[in-house]
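Reader: I should like to go through this structure by question and answer, beginning with one of its sheets. Please give the reasoning before each result.

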Amino acid sequence: MTFSCQNGPRAQHLLFSILLHTAWELGSGQVHYSVLEEAKHGTFVGRITQDLGLEVAELVTRLFRMVSKGSRDYLEVNAQNGILFVNSRIDREELCGPNPVCSIHLEVIVEKPLQVFHVEVEIKDINDHPPVFPTKSKNFFFSESRPLDSRFPLEGASDADSVSNALLSYRLSPSEYFSLDVQTNEELSQSLSLVLRKALDREETSKVNLLLIATDGGKPELTGTVHLLIKVLDVNDNEPEFDQSLYKVRLLENTANGTLVIKLNASDADEGLNSEVIYSFSSDVPLSVHNKFKIDSRTGEIRIKGQLDYEEAKSYEIQVIASDKGTPSMSGHCKVSLKVLDINDNAPEVVVTSLSLPVLEDAPAGTVIALISVSDRDSGANGQVTCSLSPQGPFTLVSTFRNYYSLVLEGPLDRENVPAYELVVTARDGGTPVLWAKASVSVGIGDVNDNAPVFEQPEYTVFVKENNPPGSHIFTVLASDPDALENALVSYSLVERQLGERPLSSYVSVHSESGKVYALQPLDHEELELLQFQVSARDAGFPPLGSNVSLQVFVLDENDNLPVVLPPHAGVSPVTELVSQSVAAGHAVAKIRAVDADSGYNAWLSYEMLPEVGVGRSPYRVGLYTGEISTTRALEESDGPRQTLLVLVKDHGEPLLSATATVIVSLVESGLSVKASSGVAREAEVVGMSKEKVLGDVNVFLIIAICAVSSLLVLSLLLYVALRCFTPSQAVYSPGKPTLVCSSGMNSWSYSQKRGQRVCSGDGVVKNDLMAFSPNLPSCPSSEDRSPQLETGSAPSCKVSS
């Protein structure tokens, strides 16, 4: 007898629903292929590059790669021709189990530009598994008093294949006593029963041998068999009977251990021991049922023995036997169909696949950082997963496919502000209560050379004493670069230019690594008062970035030049001055002129008369700051006709330097000297008379003027420093016209060069009285042009540089 589940209209409707669901699933990918399971290595699947719109020649240059979910690479792409082929054996039953649809999802990634494609390969089932019964043989006991149409349930076969290949039909070997009845419920579950068609007589037939054959729906058809041995029993001709042949129960998967599933009840019409019923599981019940449930043999209560898990098994079918204590024992059968209901007891799973780390800080928006896949073993709303990113920052999650996301850059990056991001991807399901899972993604930011070295100040002012040793360290410049590695490696160099006829590098040098500035030769204040140049700082990135800083090196004067006596009193031979014996006190005899090449206090000269050995009180004196030699009293005969005067000229530097001038004074009689110097004497007398009168007033006004000028200069410098610090600009060295500056009130003149100098800061010591003398003096006036001058003890006036 042959029976097929495909013959009923209900089975056809369910099969059509399954096929419609399968077609909808297969149409949800970007590119869809199909391949039979157990295909050999190298089996052609599809021209994936052509179907994705890619060129075969670009596969290597665009870094073509394929990512599949799972640890095994069932499929591979030939980079020579772009063909997708089978790489290893695919067992559909091992890969997907009993699911009606089995697919392998692939992610195809190419760069330049970056593209992500989703490929779905359906694994089609082949009929490679025959139906299998739990046992190869089965023994049954039938009482001879069994009525006609009595049913005895049989355990059906199972087929590991899917869809039509797993649709089984059964037939029983020909028998005059028994027939096979197959019933199919809404869930396509089949119930097999042996039906008694002819009364049994143990005296005629004590046993019946039958062969049950199961045939699947594949092509070619595969079959499985089980041998049935039916023994006919005598006496005890009433078997226990259940209230129902099928019991349906629903339980949540978190039901506690020991919970009552159902209480069965079977009755036996016999009396005595033949009516006492014992409950047990059928010998055909699989081990999974024994691990999860237990039955009380006396009461018929079935309770949970283990922990139910919807993801492990969604339903259980339990065959129960009720046996009496008669001899021989009679038994009744029923089936308990238990359906496990899903609860939200599985948290989502998150898998992160990084693509390109670290991410360069100049990466454009839209760059894909990582691929993220999520899954949840629960079903329905409990298995629907949504993803979120925290903290979001310059990144976002983009849904690319079902349960697939891309971590994408959407904002600018700056490694100097944030060198790395610690992101957390949170996946939440739709169950109650909500379960979630987190995955950390560490995104490092790669450096690019986008920052030039920066000096601490835009301009530096340095004060260096002249006569420094060659190669001495005079200053250190320091530039910082916030970049990393070679992009932050700073080297220093001079910005070369000409200083007159000599290059800047002949004066100074800078160490390329430390930024130390060295003076290559001794500097001379009298030759070079201000040295201006620029130092460049460049990093080692590509392309290199750099910046410049200006240095103003002021050469400070030291007292390294002796005073020089100017003609006519210069030289080895002394000058003889003729003086009339009748001159009065205060008569100007001669004037010593001297200069000092230094500046400031080092060039401030004073004059002193050295006493002559063996001579008493001298009738002559010299002005402290004017160098004018004059009489202190009327000359006498005891003074002698000829005197040698030695004048010491010294500066105010440290150490003090000096020079001497010798003047020979010869006395002549009044009659002889009138012709020679009547005009001079007459003028000297007038000057001498007025000198004492105005000397006091001149000194007072001169001191007030010096103090006022000094105070004004200090205030001007402070104001200039403040303005310079807020509005930095490059100092300019430009020679100007010589400016005549009076160094004293007695016709002592000097020339200075006007120079533009800007000073922001420095380490030099500033004195209250700033002196700046220049050795560039005009030729001294002749003795005939000299006029009587006033002697003063005040300091010379300052030379102001504009």
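Reader: In what order do the four strands of the open sheet with mixed pairing lie?

Author: The model is a predicted one. In this model, four strands form an open sheet whose pairing is mixed. The edge strands, each pairing on one side only, are β45 (575-580) and β48 (606-610). The order is β45-β52-β51-β48.

Reader: By how many degrees are neighbouring strands of this sheet turned against each other on average?

Author: The angle is taken between neighbouring strands, with their direction ignored. On average, the turn is 35 degrees.

Reader: Which residue of β52 stands opposite Q643?

Author: Strand β51 covers residues 642-650 and strand β52 covers residues 658-668. The two pair in the antiparallel sense over nine bridges. Opposite Q643 in β52 stands V665.

Reader: Does strand β43 run parallel or antiparallel to strand β34, and which residue of β43 is the bridge partner of K465?

Author: Strand β34 (residues 459-465) is joined to strand β43 (residues 546-556) by seven bridges, and the two run parallel. For K465, the bridge partner in β43 is L556.

Reader: How many residues does the hairpin between β42 and β43 pass through?

Author: Strand β42 (residues 530-539) runs antiparallel to β43, with nine bridges between them. Within this pairing, Q532 stands opposite Q552 in β43. The hairpin joins β42 to β43 through six residues.

Reader: Which residues form the uncovered face of strand β28?

Author: In a regular strand, side chains alternate between the two faces of the sheet. The covered face of β28 (residues 385-390) holds V385, C387 and L389. C387 counts as buried because its relative accessibility is 18%, under the 20% limit. The uncovered face consists of T386, S388 and S390.

Reader: Which residue of β31 stands opposite T386?

Author: Six bridges join β28 to strand β31 (residues 420-429), and these strands run antiparallel. T386 has opposite it, in β31, R428.

Reader: Is the ring pair of F142 and F178 stacked or edge-to-face?

Author: A pair of aromatic rings is described by the distance of the centres and the angle of the planes. The ring centres of F142 and F178 are 5.1 Å apart and their planes stand at 80 degrees. Planes over 60 degrees apart fall in one class, so the pair of F142 and F178 is edge-to-face.

Reader: How many residues apart in sequence are the parts that this pair ties together?

Author: F142 lies in strand β9 (residues 137-143), whereas F178 lies in strand β12 (residues 178-184). Both F142 and F178 are buried, and ring pairs link them with F140 and F152 into a cluster. The parts tied together by the pair are therefore separated in sequence by 36 residues.

Reader: Which residue has its charged end over the ring of F142?

Author: The charged end in question is 4.7 Å from the centre of the F142 ring. Elsewhere, R502 lies over the face of Y507, at 4.5 Å from the ring centre. Over the ring of F142 sits R146.

Reader: Which cysteines form the one disulfide, and what is its handedness?

Author: The structure holds one disulfide, formed by C96 and C102 with their sulfur atoms 1.9 Å apart. C96 and C102 are buried. The torsion about their S-S bond is about 65 degrees, so the disulfide of C96 and C102 is right-handed.

Definitions and conventions: Residues are numbered from 1 along each chain as its sequence is written. This is a predicted model: local features need pLDDT of at least 70, side-chain atom pairs count only at pLDDT 80 or more; totals for chains, interfaces and linings use all residues. Side-chain values use heavy atoms; hydrogens and water are left out. Rings of Phe, Tyr and Trp (its six-membered ring) pair if their centres lie within 6.5 Å; planes under 30 degrees apart count as stacked, over 60 as edge-to-face and the rest as tilted. Buried means under 20% relative accessible area, exposed over 50%, partly exposed in between (1.4 Å probe, protein chains only). A charge sits over a ring if NZ of Lys or CZ of Arg is within 6 Å of the ring centre and within 35 degrees of the ring normal. Two strands pair if DSSP finds at least two bridges between them. Axes are lines fitted to C-alpha atoms, for helices over the stretch in contact, and angles run from 0 to 180 degrees between N-to-C directions. A disulfide is a pair of cysteine sulfur atoms within 2.5 Å.
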